[in-house]
Amino acid sequence: MTVSPLAQDAAIQPLLAIAQATRQAAQTLASLSAEAKNQAIEAAAAALETNADRIVAANQADCEAAIADNLAKPLYGRLKLDGVKLAGAIAGVRDVARLPDPVGTVQIHRELDEGLVLKRLAVPLGVLGVIFESRPDAVMQISALAIKSGNGVILKGGKEAVRSCTALVEAIKEGLENAGVDPAAVQLLTTREETRALLALEGYVDLIIPRGSNAFVRFVQENTRIPVLGHADGICHLYIDSEVNLAQAIAIAVDAKTAYPSACNAIETLLIHQDAAVQGLPPLAAALRAAQVELRGDQQAQQILPDLAPATEEDWATEYSDLILAIKVVASVEEAIAHINTYGSRHTEAIATQNPATAAHFMDRVDAAGVYHNCSTRFADGFRYGFGAEVGISTQKMPPRGPVGLEGLVTYKYQLVGDGHVSVTYSGSDAKPFTHRDLDLQ
């Protein structure tokens, strides 16, 4: 096993035992049947329900401490976990159990020659390291996905959510133990020092998944040699075209900005075609301001709405994660596409138009993990995509991309079975040809 030199540091040593126990539990978990993993997930969900009052009380204590510490508004919004939100998250855990098991799926089944058969099988990654700010609900989503995909997981929450995360992980471990599954498959770290230590566990942790602010994700990316899945920014846009159902576009804009302003799939900039701006901006601004949104605009937008605060170059590149929206008037769909491809974070972008050709052009040319037509960017979510839950959203070009569910937590291995076959048979002047015949996937 290749181990990072940092792992030799004395500060890292306490985590090695945890990581080794998690890897051992993951190896056992990987060999379980789909039915056994589903039973473990149901047991975890049941334990979360049994401990719901304790979990909500722990979260309330975290929220009270966060208010006293003046926690940033976006982080506080992500921290809060009341009974309704907890019940929804537990339902999401159960949804994961109903998903097809990705482990063992045959992706390729091919005869290379008679009696020489190749298979490519989906297998678990091993051990996931998930680091997040606030978001205690992420504990449940990620734990369920890890169990279903046969992976161990080491969770590291922010200090603002330590009570909530501890109560959640204790309940999940209780459920796993009730199902006869090694509870070491799910671990929780609680201190800042452990974050750096986790990032140094190359050879013990197979994938790091950060969830939080752009500065936080960049810190993780820059301080580990372990592969990282995630996105550093969530700068999303809605472009309102000249040929638009204005009432529909207003509803989409309000939802995409205000339904959950601290989410990474909320819009930060509204682009509007100049031919729709004069008629469209006043009712758009009225609806957004009624939802307490602070608006900033470029010079053309200010000519239509003189009371707009001026938008600067910095606004186009800012993820507010708050009730703030920048507005820019554009001359064409091409200008909108150019702006998005310059300032967007390749997360999720949307167009509101009644012209199918314009929509198709926009969706083809915009570079993002998700591109939507006549709907809110808030649909960029693993649960809403039917993934059951997500471990995060990836904006990288290499797959997985967008909301990452089970398919992003497995890799594959090749298995080749022969009957005394040797490679020299298929080389040289008398080389025997391969048959390369695809067989049924089974």
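The legends below describe close-up views of a predicted model.

**View 1. An open sheet of 4 strands with antiparallel pairing.** The strand order is 16-2-1-17. Strand 16 (410–417) and strand 17 (437–438) stand at the edges. Each has a single partner strand, so one side of each is left without a neighbour in the sheet. Strand 1 (residues 106–113) and strand 17 run antiparallel and are joined by 2 bridges. Arg 110 has Asp 438 of strand 17 as its bridge partner.

**View 2. The salt bridge between Arg 110 and Asp 438.** The closest N and O atoms of this pair are 2.6 Å apart. Arg 110 lies in strand 1 and Asp 438 in strand 17, so the salt bridge ties together parts that are 328 residues apart in sequence. These two residues are also bridge partners in the sheet. Arg 110 is partly exposed, with a relative accessible area of 27%. Asp 438 counts as exposed, at 53% relative accessibility.

**View 3. The largest pocket.** It holds about 900 Å³ of space. The lining has 43 residues; Arg 135, Asp 137, Gln 141, Tyr 260 and Asp 381 lie nearest the centre. Elements that give two or more residues to this lining include helix 4 (73–79), helix 6 (137–148), strand 6 (207–211) and strand 14 (392–394). Helix 5 gives the most, with 6 residues. By class, the lining has 18 nonpolar, 14 polar and 11 charged residues.

**View 4. The second largest pocket.** Its volume is about 540 Å³. Of the 23 lining residues, Lys 156, Gly 158, Lys 159, Glu 160 and Arg 192 lie nearest the centre. Helix 3 (52–68), strand 3 (127–132), helix 8 (192–199) and helix 9 each give two or more residues to the lining. Helix 8 gives the most, with 4 residues. The lining divides into 8 nonpolar, 5 polar and 10 charged residues. Helix 9 also gives two or more residues to the lining of the largest pocket.

**View 5. The largest cavity.** The model has 3 cavities of 30 Å³ or more. The largest has a volume of about 50 Å³. Its lining is made up of Ile 41, Ala 44, Leu 48, Val 93, Met 140, Ser 143, Ala 144, Ile 147 and Ile 172. Helix 2 (34–50) and helix 6 are the elements that give two or more residues. Helix 6 gives the most, with 4 residues. The lining has 8 nonpolar residues, 1 polar residue and no charged residues.

**View 6. The salt bridge between Arg 163 and Asp 62.** The closest N and O atoms are 2.8 Å apart. Arg 163 lies in helix 7 (residues 162–178) and Asp 62 in helix 3, so the pair ties together parts that are 101 residues apart in sequence. Arg 163 counts as partly exposed, at 40% relative accessibility. Asp 62 counts as buried, at 1%.

**View 7. The salt bridge between Arg 225 and Glu 202.** The N to O distance is 3.3 Å. Arg 225 sits in the loop between helix 9 and strand 7 (236–240), and Glu 202 in the loop between helix 8 and strand 6. The two residues are 23 residues apart. Arg 225 counts as exposed, at 58% relative accessibility. Glu 202 counts as buried, at 18%.

**View 8. A salt-bridge network.** Arg 346, Asp 367, Lys 397 and Arg 401 are joined into one network by salt bridges that share partners. The count for the model comes to 20 salt bridges.

Methods. Residues are numbered from 1 along each chain as its sequence is written. This is a predicted model: local features need pLDDT of at least 70, side-chain atom pairs count only at pLDDT 80 or more; totals for chains, interfaces and linings use all residues. Side-chain values use heavy atoms; hydrogens and water are left out. Two strands pair if DSSP finds at least two bridges between them. On a 1 Å grid over the protein atoms alone, a cavity is a set of points where a 1.4 Å probe fits but cannot get out, and a pocket is an open set with protein on both sides within 12 Å along at least five of seven lines; lining residues have an atom within 4 Å of a point. Grid points are joined across faces, edges and corners, and a volume is the space filled by probe spheres set on the points. Ala, Val, Leu, Ile, Met, Phe, Trp, Tyr, Cys and Pro count as nonpolar, Asp, Glu, Lys and Arg as charged, and the others, Gly among them, as polar. A salt bridge is a side-chain nitrogen of Lys or Arg within 4 Å of a carboxyl oxygen of Asp or Glu. Buried means under 20% relative accessible area, exposed over 50%, partly exposed in between (1.4 Å probe, protein chains only).
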